Amino acid sequence: MKTREQWGSRLGFILAAVGSAIGLGNIWRFPYMAYENGGGAFLIPYFFAMVTAGIPLMILEFGIGHKFRGSAPKAFASISKRMEWLGWWQILISFIIAVYYVAVIGWAISYLFMAPAQTWGAETKDFFFSSFLHLSSSPMDINSMQWPILAAVAAAWAVNWFVLFCGVKKGIEKANKILMPVLFFLVLLICGRALTLPGAMDGVNWLFEPRFDKILDYKVWAAAYGQIFYSLSICFAIMITYSSYLPEKSDVNNNAFMTVFINCGFSMLAGVMIFAVLGSMAAQQGVGVDKVVSSGVGLAFITIPKAINSLPAPAFFGTLFFLCLVLAGLSSEISISETVVSAIMDKVGLPRKTVVTLFCTSGFLISTVFATDAGLLVLDIVDHFINNFGILFAGLTEILFLGWFFKTSVIRDHVNRISEFAIGNWWMICLRFVTPVVLGYMAVANLIGDIRTPYSSYPIEALLTFGWFLVVAIIPLAFVIQKKKTTTPLLRTK
Amino acid sequence: MTTSALLMMLFGFGVTWGGAALCISIAMKKK
């Protein structure tokens, strides 16, 4: 009789969940968000968001996955047959993220090989946009394939394929048992070395110096909730899938707390690492850290390489930093991909190896778009729309459905019965009131913002094609998949 | 580093890694 795969150990599950949550955003988004929104004072709304949204949502998703023992579509269909589409909506979002996220990992792999000789040179901005990406003038202007980038993307897909092919216990668990300790060790190593450099402590001071007046601004609170929401891999089916592999007798509540704390703790470490390096660079240039700080792709591939050039032992820092990016990216990519693989396996009943091979092959073919000269521009649009509308609206729908149209106490009773400590009414209050209000506010604000001012300065046809069309089209597609017959009798919903 | 920055840094690390340590100790006790 075919049974669902399981984690080999509790440590394996926690490392996999942490590996999923810890991604590029912890390294290149959190430090800037904290610095920009009140420095040390940002930690107050950030931790408030962690307790009122991050932990409750994590417990909810772990609880659903564990109770209904299936990927997101299967879990939602178990609650209500009519809601399977919500799971597919999240799976389609995961699929899209999987195909563009891997491109960034590809860039990081390329930079990892350039790090020993700092091939990016002194003008890191010109190098990144012109020599490395050969960036075209418009996202609609796709002229050529960047073969070195495509090779790196293929390598990332190959690793992803191998890990998923080996299964939950022998693949994902084993990989995260290597990736996570190595990642933490590398970040600590960079922190240890960087903090001894002149100016590094000034950089850290810029990050943590509290500006308490900032927390009176509601936008700072929205930013804190956004940071928590986007950095925990919640609301796009991952944590439901991962917890569905837990053995029957498993803790849920403590595991959820642990995952969230470790993820946020890693963000703090990453903040120290980034600002120590930026502080050292700023000191050498004789400017304030505010003159060199940035976030996202610009931070990782322009600012940090520039900072590395000015540091002692640049090969050491460069190799370690880009290795961190690759490891953090891969552990997240594996989880996003597994979410899609698991859902397809649940639906059509094909063996894992077949589904993984089909998924990785089709994913790689679509990823080629992001290895072209317009790759960064297309990626920027897709990422913006998937994050600001896809994940957010899918998350809002999930929380409204589970909080208001489903007896959430069923999940609470389930997790309390099996966990090391129980959760009380605060969990229900956060899920039913706090989280929907905050996510609802963010969703409306994003919608109004993008309608009033189209994103960046991209041509409208590019925004419609890679943005609006994509995020809207996946919703009817989710309904179409729901209509298809589930062919796995053992996993068919009751 | 200023005292206020240092305190906020300790607060941040205390909540996150302190929280994680507490969870791990609960898990160890219940084992």
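Colleague: What makes a residue count as lining the largest pocket, and which residues lie nearest its centre?
Modeller: In this predicted model, a lining residue must have an atom within 4 Å of a point of the pocket. The largest pocket is lined by 49 residues, and those nearest its centre are Arg29(A), Tyr230(A), Asp383(A), Asn387(A) and Asn388(A). About 1600 Å³ of space lies inside this pocket, and its lining is made up of 29 nonpolar, 16 polar and four charged residues.

Colleague: Why are other spaces called cavities and not pockets, and how many cavities of 30 Å³ or more does a search of the whole structure find?
Modeller: A space is called a cavity because a 1.4 Å probe fits there but cannot get out, whereas a pocket is open. The search of the whole structure finds two cavities of 30 Å³ or more, the largest with a volume of about 50 Å³ and the second largest with a volume of about 40 Å³.

Colleague: Which residues line the largest cavity, and how do you know their class?
Modeller: The lining of the largest cavity consists of Ile190(A), Met273(A), Ile274(A), Val277(A), Ile304(A), Ile308(A), Leu311(A), Phe317(A) and Phe321(A). Since Ile, Met, Val, Leu and Phe count as nonpolar, the tally for this lining comes to nine nonpolar, no polar and no charged residues. Two or more of the lining residues come from each of α13, α14 (296–310) and α15 (314–348) of chain A, with α13(A) giving the most, three residues.

Colleague: What makes some residues in the lining of the second largest cavity polar?
Modeller: The second largest cavity is lined by Phe30(A), Ala34(A), Gly39(A), Gly40(A), Leu43(A), Leu207(A) and Phe208(A). Gly counts among the polar residues, therefore Gly39(A) and Gly40(A) are placed in that class. The division is thus five nonpolar, two polar and no charged, and α3 (30–36) and α10 of chain A each supply at least two of the lining residues.

Colleague: How do you know that chain A and chain B are in contact, and how many residues take part?
Modeller: Contact requires heavy atoms within 4.5 Å, and by that rule 28 residues of chain A are in contact with 19 residues of chain B. The area buried between the two chains is about 1900 Å², with 81% given by carbon and sulfur atoms. Phe47(A), Phe261(A) and Glu420(A) supply 26% of the area that chain A buries against chain B, which is more than any other three residues.

Colleague: How many salt bridges and how many residue pairs in polar contact does the rule find across this interface?
Modeller: The rule finds zero salt bridges between chain A and chain B, yet six residue pairs are in polar contact across the interface. On the side of chain A that touches chain B, α4 (43–68), α10 (200–208) and α13 (253–285) each supply at least two residues, and the largest share, 11 residues, comes from α13(A). By class, that side has 21 nonpolar, four polar and three charged residues.

Colleague: Why is the pair of Asp346(A) and Arg4(A) called a salt bridge?
Modeller: The side chains of Asp346(A) and Arg4(A) meet with N to O at 3.0 Å. The limit is 4 Å between a side-chain nitrogen of Lys or Arg and a carboxyl oxygen of Asp or Glu, so this pair qualifies. The pair links distant parts of the chain, with Asp346(A) in helix α15 and Arg4(A) in the segment before α1 (10–21), 342 residues apart. Over all chains, the structure holds eight salt bridges.

How values were computed: Residues numbered from 1 in each chain as written. Chains lettered and ligands numbered in written order. Predicted model: local features only at pLDDT ≥ 70, side-chain atom pairs only at ≥ 80, totals over all residues. Heavy atoms only, no water. Buried area = accessible area lost by both parts, 1.4 Å probe. Polar contact = N/O pair within 3.5 Å; in protein donor to acceptor, adjacent residues only side chain to side chain. Helix = DSSP H or I, 4+ residues; strand = E, 2+ residues; numbered from the N terminus. 1 Å grid on protein atoms, 1.4 Å probe; cavity = no way out; pocket = protein on both sides within 12 Å on 5 of 7 lines; lining within 4 Å. Points joined across faces, edges and corners; volume = space filled by probe spheres on them.
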